[in-house]
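Here's a quick tour for anyone opening this one up for the first time. Have a look at the picture, then read on.

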Amino acid sequence: MSQSKLRWGVLGCAGIAKRAVIPGIQQSQTGEVAAIASRGEEKAKETAASLNIPKAYGSYEELLADEQIDAVYVPLPNHLHKEWTIRAAEAGKHVLVEKPAALNSQEAEEMVAACAKAGVKLAEAFMYRHHPRYAMIRDVIASGEIGAIRGIHGAFTFNNAKDANNVRYKRYMGGGSLYDVGVYPISAARLILGQEPQAATVHAFFSSEHDQVDMMASGLLEFADGVALTFDCGMWAAGRNVLEIIGTDGRIEVPCAYVSRQNADDHFFVTVRGERREVAVPYVNHYALQADDIGRSVLEGSPQRFGTDDIVRGMKVIDACMQSAQERVRVVL
Ligand SMILES: NC(=O)C1=CN([C@@H]2O[C@H](COP(=O)(O)OP(=O)(O)OC[C@H]3O[C@@H](n4cnc5c(N)ncnc54)[C@H](OP(=O)(O)O)[C@@H]3O)[C@@H](O)[C@H]2O)C=CC1
Ligand SMILES: O=C1CO[C@H](CO)[C@@H](O)[C@@H]1O
């Protein structure tokens with residue numbers, strides 16, 4: 001590609017797109033947001049004006065028909081990820097799709113196949129993985145300082161249960177805490193261990209007041225050598241966003257593990273034989289780094305950090321967690 005920046009189009013005007021991902025692309029080195037689309041033209045125009053986006057479209061189809069757009073960001077409710085990823089790929093656009101990439105691994109496979117057929121890149125927007133903290137944490141583990149990993153615990157909870165119309169409380173849209181936030185500690189454990197779990201056991205509370213979506217879930221993922229991830233996630237509990245890696249000789253605590261601090265330096269803690277030290281990590285915008293990963297792969301041909309096979313493997317784990325929670329069984333992967 002001869003141009004210097006990837007021209008992004010965004011489908012949908014609210015939520016995480018407006019709050020963080022559009023500013024992230026605008027701060028990235030490789031991308032610019034060239035157009036935004038909404039189901040309502042006025043909303044698109046207002047959002048474009050407020051975020052300095054040159055073009056606004058009153059439908060997603062019109063944006064996909066714009067030949068000036070190279071890549072599309074899909075921050076729609078979960079049940080629309082597959083449809084709009086495939087439509088974007090068929091229109092020749094590279095795709096960054098929000099987490100979870102799909103409702104299940106079958107959908108993820110179809111999305112990966114459509115992108116491969118169209119010759120476009122596909123990435124899942126697990127922005128936290130692009131934060132340099134995770135490479136630093138893996139370095140601490142590789143140094144042997146905390147010894148052999150014996151277990152990982154992750155938690156991601158928040159409380160917006162009063163917002164009854166939220167897409168997270170609609171079952172057909174792929175609502176529920178596992179899809180919304182449980183996916184983060186699951187993704188982080190797979191990232192840190194560099195392997196897939198062998199079995200999943202999840203207990204969830206499906207709320208009749210919230211369209212039977214899971215409002216809270218606790219789970220156990222079994223990895224090789226007796227290592228386990230224990231996690232909990234929830235949408236009607238006080239906010240927590242943490243990860244802990246427990247070794248034979250020490251442990252690593254990661255505060256703000258999945259959504260890093262805004263405009264502030266980050267850190268994590270390493271405790272070995274009772275001595276706790278803080279490892280400082282200067283502020284970065286992980287949404288910008290996420291955009292640059294796909295941007296560099298398109299503009300410079302560099303490999304994406306996470307392949308599309310990771311998307312399907314991750315969704316297989318989520319499938320197993322869902323099945324375990326719904327059927328109250330241990331699911332072998
Ligand atoms: N990586 C991260 O940090 C985060 C990721 N997410 C992910 O982003 C996705 C969207 O979440 P969030 O931004 O909170 O969602 P919102 O409900 O805030 O926004 C979703 C957007 O989708 C569009 N849309 C299209 N069809 C529908 C529909 N039938 N109902 C409602 N909205 C529709 C709307 O845009 P319009 O009306 O303009 O067309 C709306 O602005 C999810 O997959 C979620 O998991 C969410 C928060 C943080
Ligand atoms: O991905 C996400 C980041 O965290 C939010 C909670 O605080 C979630 O709702 C969202 O979907």
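## Ligand 2 and its surroundings

Let's start at ligand 2: one of its oxygen atoms has a polar side-chain atom of Lys-99 2.8 Å away. That fits the polar contact rule (a pair of N or O atoms within 3.5 Å; within protein, one must be able to donate a hydrogen and the other to accept it, and residues adjacent in sequence count only if both atoms are side-chain atoms). Tyr-184 also reaches in, with a polar side-chain atom 2.6 Å from an oxygen atom of ligand 2. Then there's Arg-168, where an N or O atom of the side chain is 3.0 Å from an oxygen atom of the ligand. On its own, ligand 2 would expose 300 Å², and the protein buries 75% of that (accessible areas by the Shrake-Rupley method with a 1.4 Å probe; for residues, only the protein chains shown count as cover).

Who else is around? The residues surrounding ligand 2 are Lys-99, Phe-156, Phe-158, Arg-168, Asp-180, Val-181, Tyr-184 and Val-259, each with a heavy atom within 4 Å of it.

## About the model

This is a predicted model, where local features need pLDDT of at least 70 and side-chain atom pairs count only at pLDDT 80 or more, while totals for chains, interfaces and linings use all residues. Residues are numbered from 1 along each chain as its sequence is written, chains are lettered from A and ligands numbered from 1 in the order in which they are written, and side-chain values use heavy atoms, leaving out hydrogens and water.

## Ligand 1

Ligand 1 has 25 residues around it, and the closest are Ser-38, Lys-43, Tyr-60, Asn-78 and Lys-99. Lys-99 puts a backbone N or O atom 2.8 Å from an oxygen atom of ligand 1. A polar side-chain atom of His-81 lies 3.1 Å from an oxygen atom of this ligand, and one of Tyr-184 sits 3.4 Å from a nitrogen atom. Taken alone, ligand 1 exposes 890 Å², of which the protein buries 85%.

## Two domains

The domain assignment splits the protein chain into domain 1 (6-125) and domain 2 (132-283 + 315-332); such bounds come from an automatic or database assignment. Their C-alpha centres are 26 Å apart. At the interface, 12 residues of domain 1 are in contact with 11 of domain 2 (heavy atoms within 4.5 Å).

How many salt bridges are there between domain 1 and domain 2? The count is 2, by a rule asking for a side-chain nitrogen of Lys or Arg within 4 Å of a carboxyl oxygen of Asp or Glu. Elsewhere in this report you've met Lys-99 and Asp-180, whose side chains form a salt bridge (3.6 Å, N to O).
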